[in-house]
Structure formats: C-alpha cells, structure tokens
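Reader: I would like to go through a protein model step by step. Please show it first.

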Amino acid sequence: MSIKYLNLLNELHTDIRMGVYRETGRLPTEMQLAEMYGVSRQTVRRALGILVEEGLIERRQGSGSRLLDAPALWAGKR
C-alpha cells in the first residue's frame, strides 16, 4: 500500500497551517500539485479527498480546490 498520499496530505496540512494558500484561498490544481510533489494525479485526488472529508477545502470541477474557514487549523490544531 502506498503512503505517498499521506506524505502529500501532511505537506498540504503544513502549507495550509503556515498560510501558504491563505492569500488566494485556493490550492494549486491537481496537475500542479502532482508536478510539485512528484506524484500521480490519483495520489493528489486521494489527499485532496481527505481534506474535503476533514472540512478544510471544497472542490468543484473546473474551479479547483478552495480553502474553507478552518479556525482550528489556523490555531495550529489538527
């Protein structure tokens, strides 16, 4: 079983917590994330799916992934 999606998920959690995407409120596209982290789009989709389940992002086809208000995350809690 691959743990690449967990590594990516941890990276995205860290980036979100550090405010990397706070200015735009948007994450890079699946393709951009795949290139940035050297993983497949399927791996990206799996990690983003977990972020959706956690209530941290919203995904819309054609519009990408958008951060939702996540006060606990901004406070450094997970």
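The questions and answers below go from the whole chain to its helices, its core and its charged pairs.

Reader: What kind of model is this, and which pattern does the protein chain follow along the sequence?
Author: This is a predicted model. The protein chain has 4 helices and 2 strands. Read in sequence order, these elements give the pattern α-α-α-β-β-α.

Reader: What share of the residues in the protein chain is buried?
Author: A residue counts as buried when its relative accessible area is under 20%. The protein chain has 78 residues, and the buried share of them is 33%.

Reader: How much area does the protein chain expose, and what percentage of it do carbon and sulfur atoms supply?
Author: The exposed area of the protein chain is about 5,100 Å². The part of this area that carbon and sulfur atoms supply is 49%.

Reader: Which elements give two or more residues to the largest nonpolar core?
Author: In soluble globular proteins, nonpolar side chains tend to be buried together. Here the largest nonpolar core has 16 residues, and those with the most contacts inside it include Leu-12, Leu-27 and Leu-51. The elements that give two or more residues to this core are α1 (4-17), α2 (30-37) and α3 (41-53).

Reader: Which residues does Leu-51 contact, leaving aside its neighbours within four places in sequence?
Author: Leu-51 is among the residues with the most contacts inside the largest nonpolar core. Leaving aside neighbours within four places in sequence, its contacts are Leu-9, Leu-12, His-13, Ile-16, Leu-27, Leu-56 and Ile-57.

Reader: How far does α3 reach from its first C-alpha to its last?
Author: α3 has 13 residues. At 1.5 Å a residue, the expected reach is 18 Å, and the model comes close to that. From the first C-alpha of α3 to the last, the reach is 18 Å.

Reader: Where on α3 do its buried residues lie, and which residues are exposed on the other side?
Author: The buried residues in α3 are Thr-43, Val-44, Ala-47, Leu-48 and Leu-51. They cover an arc of only 125° around the axis, so they lie on the same side of α3. The buried residues of α3 pack against α1, α2, β1 and β2 (64-67). On the other side of α3, the exposed residues are Gln-42 and Glu-53.

Reader: Why do the buried residues of α2 line one face of the helix, and what covers them?
Author: In α2, the buried residues are Glu-30, Leu-33 and Ala-34. Seen down the axis of α2, they fall within an arc of 100°, so they line one face of the helix. What covers these buried residues includes α1, α3 and β1 (57-60).

Reader: Which residue follows α2, which follows α3, and what are their phi values?
Author: The residue that follows α2 is Gly-38, with a positive phi near 65°. α3 is followed by Gly-55, and its phi is positive, near 80°.

Reader: Is Glu-30 buried or exposed, and which residues does it contact beyond its neighbours within four places in sequence?
Author: Glu-30 is found in helix α2. Glu-30 counts as buried because its relative accessibility is 15%, and the cut-off is under 20%. Leaving aside neighbours within four places in sequence, Glu-30 is in contact with Arg-41, Val-44, Arg-45, Leu-48 and Arg-59.

Reader: What distance separates the closest N and O atoms in the salt bridge of Arg-59 with Glu-30?
Author: Side chains of opposite charge can pair when their charged atoms come close. In the salt bridge of Arg-59 with Glu-30, the closest N and O atoms are 2.3 Å apart. The pair links distant parts of the chain, with Arg-59 in strand β1 and Glu-30 in helix α2, 29 residues apart. Arg-59 is partly exposed at a relative accessible area of 33%, and the N to O distance in this pair is 2.3 Å.

Reader: Which residues are linked with Glu-30 in a network of salt bridges?
Author: A search of the whole structure finds 5 salt bridges. The residues linked with Glu-30 in a network of salt bridges are Arg-41, Arg-45 and Arg-59.

Reader: Which residues form salt bridges with Glu-58?
Author: Glu-58 counts as partly exposed, at 24% relative accessibility. One salt bridge of Glu-58 is with Arg-60, at 3.6 Å between the closest N and O atoms, and Arg-60 counts as exposed at 53%. Another has an N to O distance of 3.0 Å, and there the side chain of Glu-58 meets that of Arg-66. The partners of Glu-58 are therefore, under the 4 Å cut-off, Arg-60 and Arg-66.

Note on methods
Residues are numbered from 1 along each chain as its sequence is written. This is a predicted model: local features need pLDDT of at least 70, side-chain atom pairs count only at pLDDT 80 or more; totals for chains, interfaces and linings use all residues. Side-chain values use heavy atoms; hydrogens and water are left out. A nonpolar core is a set of buried Ala, Val, Leu, Ile, Met, Phe, Trp, Tyr and Cys residues joined through side-chain atoms within 4.5 Å. Buried means under 20% relative accessible area, exposed over 50%, partly exposed in between (1.4 Å probe, protein chains only). Contact means heavy atoms within 4.5 Å. The arc is that of the directions from the helix axis to the C-beta atoms. Accessible areas come from the Shrake-Rupley method with a 1.4 Å probe; for residues, only the protein chains shown count as cover. The expected span of a helix is 1.5 Å times one less than its number of residues.
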